[in-house]
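Biologist: Before we get into details, can you put the model up so we can look at it together?

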Amino acid sequence: MKAKLSRLIKTKETKETNHPEVTPDEIEQQKWMEKGGEILTFEGEWCVRLRKAYPLNDIYHDYAFIEAKEAMSSTHPFFTVDLSPEQVLFMDTETTGLRGSGTSIFLIGFARFQQDHLEMTQYVLPHPAFETAFYYHFLNDIGDDVRFVTYNGKSFDWPQIKTRHTFVKTRVKQLPSVGHVDLLHAARRLLKPKLDSVSLKAVEAYFGHERTDDLPGFLAPMHYFQYVKERNPDILVPVLEHHHADCLSLVSLYKRLSHLVDEEANDFGEERAHWLHDLGQQDHALKEYNQLKNPSKKAKMRQAMLLKRAGRMEEAISILEKLQTIDAYVELAKYTEHKTKEIERAIQYTERAIELSERKQTVLKQTASREQAELAHRLARLERKRL
Amino acid sequence: MRKTRSVEEMIETLRHEPSFSKNVTHWHTVDAKPAKYVPIPDIVPQQLATVLKNRGIEQLYTHQAEAIEQTSRGRSTVIVTPTASGKTLCYNLPVLSKMIEKPTARALYLYPTKALAQDQNSDLMEMVEALEGDLRCFTYDGDTSPAARTKVRDAGNIVITNPDMLHSGILPHHTKWIRLFENLEYIVVDELHTYRGVFGSHVANVFRRLKRICAYYGSNPKWIMTSATIANPLELAERLTEEEVTLIDNNGAPQGKKHLVFYNPPVVNEALGIRRSATLETKRIASKLVEANIQTIVFARSRVRVEVLLTYLQELTRRELGPKSIVGYRGGYLPSERREIERRLRNGEIKAVVSTNALELGVDIGQLQACVLNGYPGTVASMWQQAGRAGRRHSEALVIFVASSSSLDQLVVEQPDMILERSPEAARLDPNNLIILVDHVKCAAFELPFQRGEKFGTVDTEDILEFLTDAHVLHERADKYYWMTDSFPAHDISLRTSDQENVVIVDQSAKNQVIGEMDTFSAMTLLHDEAIYLHGAEQYQVEKLDFEEKKAYVRRVDVDYYTDANLAVELKVLEENKTDGVKTFGEVSVIAMATLFKKIKFGTHENIGSGPIHLPERELHTTATWFTLDERFAYSEADMEDQLEAVSDLLRRLAPLYLMCDTLDLFTTIQMKSTHTDKPTVYLYDRYPGGIGLSEALYKDADAVLEAAILTVSDCPCESGCPRCVGTIGYGDFKRQVVRQLNALKGTL
């Protein structure tokens with residue numbers, strides 16, 4: 001049967017390298033301990049925990065770790081954490097693939113503040129057969145109520161943990177109740193206009209921390225498979241280092257991004273204002289809009305709308321008149337028609353809007369013609385009112 | 001100009017019109033059959049019975065009632081249901097009854113295609129709504145939005161999907177479907193007869209995976225399956241599900257009167273026994289029906305034939321404005337085009353449709369009045385399915401079979417009893433085809449690690465797991481086999497064809513729009529450079545086939561010919577498995593290469609030019625049955641070659657009749673001096689890598705096929721052989737020699 005299989009299905013020729021003799025668990029565990037790993041056991045299974053403590057004043061990517069701890073009391077709703085800093089995990093995972101029930105997580109790690117240091121912890125799954133031990137210890141260590149600071153973790157890391165937890169749920173704790181601060185979201189809000197890609201690597205590079213000698217992410221599974229086969233922890237070292245750096249980077253990035261939204265004078269004023277606006281913080285947003293040095297038309301329009309809502313009509317009108325956009329003229333037409341009852345002015349504003357709309361070159365014919373129809377309708381109503 | 005007439009009037013006219021009736025070899029009528037009713041069984045909950053009554057259903061057909069009773073006793077069932085016999089109630093009633101009694105219960109509905117699933121959903125939805133309960137049913141397919149997916153997973157009592165989605169969208173993500181798998185009570189499989197050949201073999205393995213996942217989550221669902229009339233519904237159901245199944249075939253649905261007319265085009269050349277073209281005759285008959293405003297479906301055997309007929313028929317409506325009332329329907333059309341056609345057929349906007357067997361399936365297109373079959377569709381079951389498209393409800397229906405000059409068609413038209421009295425073919429599949437099996441063991445290993453000694457369905461997995469471990473796909477530790485690569489196996493495995501990739505067809509004359517797709521094997525002969533590709537009665541010339549990138553660039557043209565390509569085949573025997581001296585079953589390696597193509601003029605079918613094809617060769621390892629001929633019956637080497645061709649031609653045409661397969665599933669090739677036997681040999685081999693049981697079945701049933709071949713030749717009125725019996729113009733005692741060869745193969749010399 002095997003001969004037939006080999007004939008029917010051509011597998012990639014893999015060179016028969018001399019695999020080192022399969023070493024028993026004790027030998028592998030010994031190797032991990034030499035690297036400073038702790039062996040944690042559970043029901044005949046085991047996993048590895050690696051820990052390292054960093055002084056709070058250590059600086060990583062421009063910021064001292066302690067500064068991230070302070071940022072947790074930020075006033076910006078996105079960065080605010082409602083638990084004590086010890087319950088916040090700057091977490092990342094490494095997986096054997098991208099999706100599906102057959103994809104396992106082989107490395108979970110997080111940085112967490114302790115009384116007088118930042119502790120970095122990594123859990124290694126030595127073999128897919130030991131998932132129970134792996135999740136048992138991870139879940140026991142993190143407690144029942146935690147907040148994750150991740151990079152795209154809300155849609156990737158956590159769902160994967162849930163999937164794998166399904167397989168061991170009868171023997172380990174329930175998953176804790178969690179909250180997320182997904183820094184990818186913050187990076188998108190603040191950096192998207194400035195960057196093509198907002199991957200963690202690209203964001204780090206933007207702030208002057210280009211990674212050199214780092215393992216490309218897609219190679220991590222290959223290293224893991226090789227490690228499982230050879231039971232040699234050395235093979236996993238580049239992955240552990242890459243992952244370690246990712247977690248520490250989250251601490252620094254959390255501080256950096258919260259700093260960008262808290263600090264009033266910097267290059268991110270406009271993104272910050274829009275974000276606050278979208279979060280429903282209107283007063284705060286308006287303050288930001290008012291302080292912008294070179295606001296875009298979009299920012300000015302939104303600023304005017306907030307002023308209008310706040311009843312500051314005169315300021316709003318002066319912005320709208322300078323804007324000279326279709327939307328601005330429509331707003332002005334509405335105001336003069338309904339509030340000040342100046343029909344002539346309303347007609348003038350509408351006519352200017354129509355003129356702009358006709359001059360506008362647009363790809364979407366439908367949108368343009370709908371807009372023009374609405375303007376024509378407005379104009380017709382105003383002219384009826386004038387009579 | 002058009003004069004609307006009833007089907008009944010049309011039937012009378014045709015009966016008495018000499019130019020038509022003289023060519024009719026047999027006029028068969030199937031009498032109307034009254035319905036057999038029984039009261040709604042007590043097992044059906046009161047509220048459901050009320051819903052039925054409100055829909056005008058006071059009693060059930062016998063087969064519907066039995067389906068409910070057997071299912072409620074915990075049996076898995078397969079129900080044989082002809083077209084329009086109320087099959088959806090056969091599964092909707094037991095499923096809904098169960099859910100009323102146990103609201104946490106879940107059911108999975110599988111339809112062979114996405115289109116069918118969407119169609120059936122609306123029917124079920126109405127019942128569910130009328131029940132006013134908390135039941136939810138959802139369709140889950142490639143079109144389901146990500147937001148809706150979560151809801152389907154968590155809240156869908158009935159999930160409607162197709163095998164492909166089950167294979168690549170549900171099973172590999174089973175942890176997201178825990179509620180479904182923990183509470184799965186019923187699996188409904190509609191159109192079971194379509195699960196044969198390669199597709200069936202794949203699906204049988206998907207079902208093994210499904211059962212494995214159910215077992216993991218502790219459920220043991222029962223199966224409710226429905227099938228069209230085939231010879232072996234029970235065997236097929238048991239083979240697919242590997243469960244004990246109860247057969248229900250006491251169909252109680254009524255039937256309208258049906259006229260089956262066997263039409264043989266007139267002979268135009270007595271000496272050569274050449275008849276008028278079946279395609280032209282089909283066109284003539286279909287035009288007559290369309291002009292009388294009778295909604296008609298025309299079935300043609302190939303994509304090319306569909307397009308040729310469509311071109312002819314659309315001439316009738318040339319002056320018509322707006323969307324065409326005569327349209328084509330076949331696999332290469334985009335789904336959106338097909339949905340639109342189905343809709344317009346149902347509401348009667350379309351007067352005629354020309355289709356390949358794509359419309360054989362239960363796609364709901366309402367009732368058509370007449371059906372014209374351009375040539376024998378290849379199987380008895382298929383013929384009945386196509387004929388069933390006419391007169392679905394209670395009116396009289398007209399079905400006209402127009403025979404081509406092929407021997408199989410001639411056999412059918414001259415001896416209609418072969419069809420009318422013969423039980424339909426058996427559906428075959430081979431779930432243990434090694435390549436298919438290994439593919440699904442991979443998927444299964446991704447879903448859950450295998451335990452040493454674990455069976456996959458009924459198969460021992462040890463050798464396969466070892467093989468996959470050696471190939472570094474799996475990793476074994478402590479008697480368990482773990483998935484050890486970063487790929488997603490279901491993504492690379494298609495249930496539908498041997499090829500994983502399709503060639504997309506790009507129209508350069510219309511802003512590089514993609515107008516269709518085709519499997520790579522067919523593309524070799526249909527989309528090579530300079531080929532004329534027909535789509536929607538439009539002609540396109542292939543400007544470049546980029547075989548690497550799987551793209552064919554075409555441009556619209558207007559020419560009066562089509563193209564036909566040759567495939568050169570080199571075959572080597574790898575292993576003999578069974579032999580009786582003259583015929584052998586075993587494994588072969590086939591190297592196929594498209595070599596040249598001919599340009600053939602429309603109408604006259606004359607050859608007006610040719611050109612080379614430059615495409616890489618393709619290698620196929622598969623199973624074959626080969627027949628060794630006796631050189632002593634030939635007068636010369638040339639004579640031997642003719643006999644070999646004749647036997648090969650006969651077997652190729654007749655074998656599909658017995659194997660219930662498409663003529664394209666089984667290929668033949670001949671060797672004058674076989675590299676294996678040293679003798680003149682005819683090989684018939686499965687087109688799918690590893691074989692799907694067709695050539696093996698042929699080895700077993702060879703005598704029946706050979707007997708049919710003998711009859712075809714000896715009953716033919718020609719003297720020395722003609723295209724319809726021996727496939728070529730014979731000479732002297734050629735026919736006698738061919739029959740002698742056939743008898744020798746059969747062992748009855």
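Biologist: At about what angle does helix H11 of chain B run to S10(B)?

Modeller: First, this is a predicted model, where local features need pLDDT of at least 70, side-chain atom pairs count only at pLDDT 80 or more, and totals for chains, interfaces and linings use all residues. Residues are numbered from 1 along each chain as its sequence is written, with chains lettered from A and ligands numbered from 1 in the order they are written. Helices (H or I, at least four residues) and strands (E, at least two) are DSSP runs numbered from the N terminus. H11(B), residues 233-241, lies across S4, S9 and S10 of chain B (contact: C-betas, placed from the backbone, within 7 Å), and its angle to S10(B) (0 to 180 degrees between N-to-C directions, axes fitted to C-alphas, for helices over the stretch in contact) is about 150 degrees.

Biologist: Which strands are the edges of the S6-S7-S5-S8-S9-S4-S10 sheet?

Modeller: Seven strands of chain B form this open sheet, with parallel pairing (a pair needs at least two DSSP bridges). The twist averages 15 degrees from one strand to the next. Pairing on one side only marks the edge strands, S6 (137-139) and S10 (245-248).

Biologist: Inside that sheet, which residue of S7(B) stands opposite B:Leu110?

Modeller: S5(B), residues 106-110, pairs with S7(B), residues 158-161, in the parallel sense over four bridges. Opposite B:Leu110 stands B:Thr161.

Biologist: How many residues of strand S17 of chain B are buried?

Modeller: In a regular strand the side chains alternate between the two faces of the sheet. Here B:Ala370, B:Val372 and B:Asn374 point one way and B:Cys371 and B:Leu373 the other, all of them buried (20 or more other C-betas within 10 Å; exposed is 12 or fewer, partly exposed in between). S17(B) is mostly covered, and its buried count is five of five.

Biologist: And who faces B:Leu373 in S18(B)?

Modeller: S17(B) pairs in parallel with S14(B), residues 296-300, over five bridges, with B:Val298 partnering B:Val372. Five bridges also join S17(B) to S18(B), residues 397-402, again running parallel. There, B:Leu373 stands opposite B:Phe401.

Biologist: What do we call the packing of H12(B) on H13(B): parallel, perpendicular or oblique?

Modeller: H12(B), residues 278-291, and H13(B), residues 303-314, pack at about 45 degrees, their axes 10 Å apart. B:Ala286 and B:Ser287 are among the H12(B) residues that meet H13(B) residues including B:Val308 and B:Leu309. Under 35 degrees counts as roughly parallel, over 145 as roughly antiparallel, 65 to 115 as roughly perpendicular and the rest as oblique. The two helices are therefore oblique.

Notes. Two residues are in contact if their C-beta atoms, placed from the backbone, lie within 7 Å.
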